[in-house]
Structures are given as structure tokens and as C-alpha cells.
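Me: Could you take a close look at one part of this model for me, the second largest pocket, and then tell me how the helices elsewhere are arranged?

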Amino acid sequence: MTNSALPPLNEDEISLLAEFSKALLPTHGARAVESVKRATDQTRGVRDIVRQLANEIDDEAKRTTFVYRAKRAVETLRERKLTATQELAKKAERRRGVLSAEQMACAEDALSSTFGPKASILVARYASSTDNSRDFFEQLSTHLTTLKERTALFRAARKLSRAKTTPKPTPKE
């Protein structure tokens with residue numbers, strides 16, 4: 001009997017269930033996948049699934065081994081998710097550079113050769129519509145028609161960015 005009210009499995013859950021199936025192979029053989037399927041048709045709770053599968057194993061030592069392998073699979077999945085989340089946070093943090101007056105002036109200088117006095121209007125428009133420097137320069141670049149102009153804009157932005165992150169030498173006395 002399957003419970004149609006259960007949500008569909010996501011990619012991580014499917015991967016975890018595959019690990020449970022592998023851990024059951026020594027005791028269940030070819031029936032391992034069927035046992036995992038039967039358990040997931042009844043519940044989506046990982047603890048409940050592991051408990052149910054462990055209860056099917058009569059030999060105490062083999063049951064302990066299965067539970068250990070299942071716990072390791074869950075820990076591995078958690079570590080992988082945590083690492084992925086941390087990487088996403090790092091990327092988001094890199095993208096979230098607050099737009100400074102220096103960056104606006106840099107963009108205006110880079111655009112002035114193409115747009116003249118209208119460059120300041122473009123800069124003001126995009127400075128008010130974005131909250132980070134990457135989006136700001138990306139949006140400005142859409143108004144440039146040649147690769148040379150875009151390259152100049154991004155080169156100026158990178159140069160400014162490097163100048164901000166490079167420590168300034170202290171004067172010797």
C-alpha cells in the first residue's frame with residue numbers, strides 16, 4: 001500500500017535511499033531496493049525509514065552495521081549540503097559589493113567617451129536601480145555596442161576593485 005499524500009522525493013533523498021539500499025545488500029541481496037521502496041512508500045522520515053529497515057534485519061551485528069552505514073550516509077549528505085550552502089553564501093557575498101561614489105565616477109569616466117554628458121544620466125539611473133556593483137556594471141554594459149567599449153568598462157571596474165582591496169603601503173618615517 002502506497003501513501004499518495006507523501007511528497008515526491010528530491011535528488012538528495014533519492015541519493016540517500018540508494019545508499020540505504022547498498023547498506024542493505026549484505027542482508028537483503030536483490031530485495032534491498034524493494035525494502036527501501038516499501039519503507040519510503042509509508043514515510044519520508046529518514047529516522048523512521050532507517051528504523052523500519054533495521055527492524056527487518058534479524059542478526060544483531062548486521063543490523064548494527066546497517067545502522068552505522070545509514071548514519072554515515074546521512075552525515076555525508078549533510079556535509080555535502082553544508083559545503084554547497086557555504087559556497088553559495090561566499091558567491092553571494094562576493095556579488096554583494098555596495099556601490100560606492102568611486103565606482104559611479106569610474107563608470108561615468110568609462111562611459112563618457114561613448115555617451116558624453118549623457119553618461120552621468122545612465123550612471124545615476126542604474127545606481128538607483130541596483131544594490132551591487134556587479135549588476136551595476138553589467139547593466140551599464142548593455143548600452144555599449146562594441147566589445148572594445150565593454151572591455152574598457154569592465155577593465156576600469158576591475159582596476160578600481162583591485163585598488164580598493166590592495167593594502168596601501170604605509171609611509172616610512
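Reply: Sure, starting with the walls: the second largest pocket is lined by V46, R47, V50, R51, A54, N55, V67, A70, K71, V74, E75 and R78. Helix 3 (46-55) and helix 4 (60-95) are the elements that give two or more residues to that lining. Helices here are DSSP runs of H or I with at least four residues, numbered from the N terminus. By class, the lining has 6 nonpolar, 1 polar and 5 charged residues, where Ala, Val, Leu, Ile, Met, Phe, Trp, Tyr, Cys and Pro count as nonpolar, Asp, Glu, Lys and Arg as charged, and the others, Gly among them, as polar. The volume is about 280 Å³, meaning the space filled by probe spheres set on grid points that are joined across faces, edges and corners. A pocket is an open set of points on a 1 Å grid over the protein atoms alone, where a 1.4 Å probe fits, with protein on both sides within 12 Å along at least five of seven lines; lining residues have an atom within 4 Å of a point.

Keep in mind that this is a predicted model, with local features needing pLDDT of at least 70, side-chain atom pairs counting only at pLDDT 80 or more, and totals for chains, interfaces and linings using all residues. Residues are numbered from 1 along each chain as its sequence is written, and side-chain values use heavy atoms, leaving out hydrogens and water. The chain averages a pLDDT (the predictor's confidence in each residue, from 0 to 100) of 85, and 88% of the residues score at least 70. Helix 3, from the pocket wall, has the highest confidence at 95, while helix 8 (residues 147-165) has the lowest, at a mean of 81.

Now the other helices. The axes (lines fitted to C-alpha atoms over the stretch in contact, with angles from 0 to 180 degrees between N-to-C directions) of helix 1 (residues 11-28) and helix 2 (residues 32-42) come within 8 Å and cross at roughly 130°. Helix 5 (residues 101-115) and helix 6 (residues 118-129) pack at about 140°, with axes 8 Å apart.
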